[in-house]
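Me: I would like to learn how to read the main features of a structural model. Could you take me through them one at a time?

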Amino acid sequence: MKEVKTLKVKLHEMSWIEAKGYFKRNDTAIIPVGSNEQHGPQNPLGTDHLIAKAIAEETAKRTAVLCLQVVPFGVSSHHKQFWGTVYILPKTFKNYVKETCLALNYYGVRKIVIVNGHGGNRCALVEVARELKEKGVFVSIFQWWSVMDKLSPNLFKPEERGHAAAEETSVNLALHPQIVDMNKAVDEEPRKHSVQTEGVTLPLDTVDHTSSGVFGKSTTASAEKGKRIFETAVDELVKHVSLLKETKIEDLISEPKV
Ligand SMILES: [Zn+2]
């Protein structure tokens, strides 16, 4: 029997000849981005970029859309008091992602899905999307926890859905249990700063709210729930990528009204 070769979808695994073959026929790509920051005593620092990478690569496989390497560092200076957090400035992150998108655009990519694993990156990514639209490139931003807000809001209690709490820990347990230590998991109710009143935004850091780095309850995490989150997120992203792939760029970027 002849061996069936599976289609390559990871850019870094392709040769330039294979990349040419993809870009000649396709104008869509996926870029996962995340951060390297504290996620409590039980989770790896890479949590946000590892989850984004896994969701992006699985979606790429199911849709036959090109996936880039994950951008591991992001906008997370607010976690820096916890050891090992490596952060970059919002403008550095924004330019890095934007220039990566423009490099793809040189080969004809017009539609890009950014799979974002870290909420702190979102503002910079929204700016990237607006600026690239001006250049004729349509960028969408996907965040897995927003999918859960809509599709499965009752899988976890509100106190299990904070940073490094049960929801996020569960996804780690499903994807890479060997780097999660549930013996170290803690529950910590985040504290309010003494000068905090309603209507005020303060430049606070994570350490002002929690000593462990966990916002809420993390001890109830489970690999089984994590698998459900992963599958729900990938299913939804596959829908979006498939729709985007079929839509012409002219139908995504409007011309002036006549
Ligand atoms: Zn996270």
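Reply: The turns below treat a strand, the core, a metal site and the salt bridges in order. Please keep in mind that this is a predicted model.

Me: Let us begin with strand β3. How many of the residues of strand β3 are buried?

Reply: A residue counts as buried when its relative accessible area is under 20%. In strand β3 (residues 111-116), 6 of the 6 residues are buried, so the strand is largely enclosed by the rest of the structure. The burial applies to both faces: K111, V113 and V115 lie on one side, and I112, I114 and N116 on the other.

Me: Which strands pair with β3, and in which sense, parallel or antiparallel?

Reply: Strand β1 (residues 28-33) pairs with β3 in the parallel sense, over 6 bridges. Within that pairing, I31 stands opposite I114. Strand β4 (residues 138-142) also pairs with β3 in the parallel sense, over 5 bridges, and here V113 stands opposite S140. From β3 the chain passes through helix α4 (residues 122-134) to reach β4, a β-α-β crossover that is right-handed.

Me: How should the nonpolar core be read, and which residues touch the most other members?

Reply: In soluble globular proteins, nonpolar side chains tend to be buried together. Here the largest nonpolar core holds 58 residues, and those touching the most other members are I30, I55, L104, I112, V115 and W144. Helix α7 (residues 223-246) supplies the largest share of this core, with 8 residues.

Me: What does V115 touch?

Reply: Leaving aside residues up to four places away in sequence, V115 touches I30, I31, P32 and V33, together with A52, I55, A56, F142 and L237. Of these, I30 and I55 also appear among the core residues that touch the most other members.

Me: I turn to the metal. Which residues coordinate the zinc ion?

Reply: A metal site is read from its donor atoms and from their places along the chain. The zinc ion is coordinated by H39 through NE2, D48 through OD and E168 through OE, at 1.9 to 2.1 Å. Along the chain, these donors follow the spacing H-x8-D-x119-E. Water is not among the atoms, so the site may look incomplete.

Me: Are H39 and D48 buried or exposed, and which is the case for each?

Reply: Both H39 and D48 are buried.

Me: How many salt bridges does the structure hold, and where do K61 and E58 lie?

Reply: The structure holds 17 salt bridges. For any one of them, it is useful to consider the separation of the partners along the chain and their accessibility. K61 and E58 meet through their side chains at 3.3 Å, N to O. They are 3 residues apart in helix α2 (residues 47-63), and are therefore separated by about one helical turn. K61 is exposed, with a relative accessible area of 59%.

Me: Which pair links distant parts of the chain?

Reply: The side chains of E131 and K98 meet in a salt bridge of 2.7 Å, N to O. This pair links distant parts of the chain, with E131 in helix α4 and K98 in helix α3 (residues 90-106), 33 residues apart. E131 counts as partly exposed at 27% relative accessibility, while K98 counts as buried at 17%.

Me: What of E167, and which residues are joined into one network?

Reply: E167 forms a salt bridge with R161, whose closest N and O atoms are 3.0 Å apart. E167 is buried, with a relative accessible area of 4%, and R161 is partly exposed at 24%. Salt bridges with shared partners also join E58, K61, R62, E231 and D235 into one network.

Note on methods: Residues numbered from 1 in each chain as written. Predicted model: local features only at pLDDT ≥ 70, side-chain atom pairs only at ≥ 80, totals over all residues. Heavy atoms only, no water. Buried < 20%, exposed > 50% of the residue type's maximum accessible area, 1.4 Å probe, protein only. Helix = DSSP H or I, 4+ residues; strand = E, 2+ residues; numbered from the N terminus. Pairing = 2+ DSSP bridges. Right-handed = clockwise from strand over helix to strand, strands pointing away. Core = buried A, V, L, I, M, F, W, Y, C linked by side-chain atoms within 4.5 Å. Contact = heavy atoms within 4.5 Å. Donors = N, O, S within 2.8 Å, 3.2 Å for Na, K, Ca; no water. Salt bridge = Lys/Arg side-chain N within 4 Å of Asp/Glu carboxyl O.
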